[in-house]
Amino acid sequence: MGYRKLDIGWATRITGIDPMTKLILPRTIFFLFLACVSRSAAGENLEVGFASADITPTLESETKVYLAGLELNRVAKEVNDRLFSRAMVLESGGHKIALVSVDLIGLQYPSVLKVRASLADFDYVAVMSTHTHAAPDVVGIWGSSRSESGIDTRYVQQVEDQVVRSVRAAEEATVRAVAEYAALNDESMLGDFRLPHVLDSTIRLLRFRRASDKSICGIFVQWNAHGIEPRDNSRITRDFFGVTVDELARRHDCEVVYVTGANGGLMGTPDGMLRKLLADKDDADPFDAIELYGKLVADMADRALAEATPIELAPLEVSAKKILIPMDNPGFTALRRAGVLSREAYRWTGDRDPKDARQAGGDGPEALATEVAYLRLGELHIATIPGEIYPEIIYGEYPSTPEEGVDFPEASLERTIDAILPGVKKMFLGLANDEIGYILPKRQWDVTEPFAYGRTSAQYGEVNSMGPETARHLTETLAECVEAIQP
Ligand SMILES: [Zn+2]
C-alpha cells in the first residue's frame, strides 16, 4: 500500500524536475543531462550490435502452456517455429540504449522494469512485442477459463532473463557502423477490419553497415499488421513476423529485429489477398499463408531498402515518462481484481502523474502504470506506444465530421503522433514496454446505441481498450516527452 518511492524516482528522473530524484537513482543525472544539456556533435561514432536469445517454452513439463490471444484454453501442443528475443544495441558518445523485440502477444510493463533492473548500466531499454497470438500467455487473460490465469510465472521469469541475455550478447557484438533509413508505402499490403478504413501502410527500416568494410550487419524493421495465425491453431509460432525476419536475415546475411507499429483498429492482411494467391495450391494450409505473407513483407522491405538513404543516428537522446492510465473498462477491472489480469493497479484520482500514486483498494476507480517515450537518435524520431494504437492517431485521418451514432461526437481529436514528432524520418513502435490493449480515438468510441455506420451492433475494439481517454493521455504525454528534448 501507499507511497512507492522507487517508481516516483523513475518517473521524475525523466522530466528531471525533482532534485531528490538524483539521490534516489544515479541514472537521473543522465536523463537530465541527456534531455536538456548534452548534445554531442553530429557525426559522432556510432556502434551497433545485434543478438538474439531463445524464449520458446518447454512443452514436455506437467504445466500446460496456454496460447495468448483469440480463444480461451488454447493449449500448445507443438512448436512450429521457435520464439526469440532479438536485441539491437546502439552506442554513441558514452551512452548506450537497447531496442528489443520479443515474439509474444505483449510483455507487460512490470517485466520490462525487471529487465531494466538487470541492465542498469544502459541509458534506456525498450522491449517491444511482435504480438504473435501463438506464444504463451504473458498477460493472464487466456487461461483455461475466465477465472484462471494463463500465466506460468516461471516462463515469464525465463523470458525476462533471456531478454537480458540477448541485450548483453548484442552489446558484446557491437561494431562501428553507419546507418541508412528507408520507408515505403504500400496500401495493397494491409486490410482494415474496422470502420473507418485508415491504414498506416508504410514500412520503415534501418539498415546498418560495418564502418570497416561496408558489409551489412543488421536490419531493424517496423511494419504494422496483426498476425494471421488460424483460430484453431495449437502450434507455437512467431507467425509471419518470423518468416519476414528469417527471410531478410537470409537475403542480407545479417541479424534482423522486427517491430510491430500501429496494428490497432484491426490491421491485417487485405481481405481475400492470400486466398487468391494460394488458390492454385491444392493442399494449402494456414501456415502456407503465414509463409507467403511473411515473404511478401520481406519483398516490400527490400523494395524500400533499394531506396535507402544515409541517416545520422547520433547523438542518442531519450525522454521517457511513466504515467497512470485510468482503467475505464469494467471487464479489465473484474479480471484484475480476480487476479487473472496479473497487474498491480493504482487508485485513479484524475491525475496521470504517478508521483502520489497509491495502490488500488476497495471499489474506487483504478489505473495502471505504463510508459511513453520519445527517442531522438540523431535525425531519427521514435515514439514508443505501450499498446495497439489505431492508425488514425498516427496520422489523424478522420472523417471531417463525426460519424453519426458515435458515443462522443463532441470529443476533440487527439493530437496525432506524426504531428507530435518533429522531423521527417520517424518510427512508431507499438506494444512498446507494455500491452495495455487498444488505443482508439475518443471520437470513434461506439459502445452504446445507436451505432455509427448504420450498424445494429457495436464494432469490435472497445472491449479490449482501457477506455476512451487512453489515447489523449498517451499523446499528451508523448508531447511532453518531445518538449523535454526540444533544443
Ligand atoms: Zn491481437
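Colleague: How many cavities of 30 Å³ or more does the count come to?

Modeller: The count comes to 5. Bear in mind that this is a predicted model.

Colleague: What makes the largest cavity one of those counted?

Modeller: Its space is about 60 Å³. The cut-off is 30 Å³ or more, and the largest cavity meets that.

Colleague: Which residues line the largest cavity?

Modeller: Among them are Tyr-398, Pro-399, Glu-403, Arg-443, Gln-444 and Tyr-453. By class, the lining has 5 nonpolar, 2 polar and 2 charged residues.

Colleague: Why is Tyr-398 in that lining put with the nonpolar residues?

Modeller: Tyr is on the nonpolar list, so Tyr-398 counts there. Glu and Arg are on the charged list, so Glu-403 and Arg-443 count as charged.

Colleague: Why is Glu-392 said to have no salt bridge?

Modeller: The nearest side chain of opposite charge is Arg-194, 6.3 Å away. A salt bridge needs a nitrogen within 4 Å of a carboxyl oxygen, so this pair does not qualify. Glu-392 is nonetheless buried.

Colleague: Where is Glu-392, and what does Glu-392 touch?

Modeller: Glu-392 is in helix H10, residues 391-395. Leaving aside residues up to four places away in sequence, its contacts include Pro-196, Val-198, Thr-416 and Pro-441. Tyr-398 and Gln-444 are also touched by Glu-392, and both line the largest cavity.

Colleague: What lines the largest pocket?

Modeller: 50 residues do, with Leu-70, His-133, His-226, Arg-231 and Tyr-460 nearest its centre. Strand S12 and helices H7, H8 and H9 each give two or more residues to the lining. The pocket's volume is about 1400 Å³.

Conventions:
Residues numbered from 1 in each chain as written. Predicted model: local features only at pLDDT ≥ 70, side-chain atom pairs only at ≥ 80, totals over all residues. Heavy atoms only, no water. Helix = DSSP H or I, 4+ residues; strand = E, 2+ residues; numbered from the N terminus. Buried < 20%, exposed > 50% of the residue type's maximum accessible area, 1.4 Å probe, protein only. Lys, Arg positive; Asp, Glu negative; His and termini not counted. Contact = heavy atoms within 4.5 Å. 1 Å grid on protein atoms, 1.4 Å probe; cavity = no way out; pocket = protein on both sides within 12 Å on 5 of 7 lines; lining within 4 Å. Points joined across faces, edges and corners; volume = space filled by probe spheres on them.
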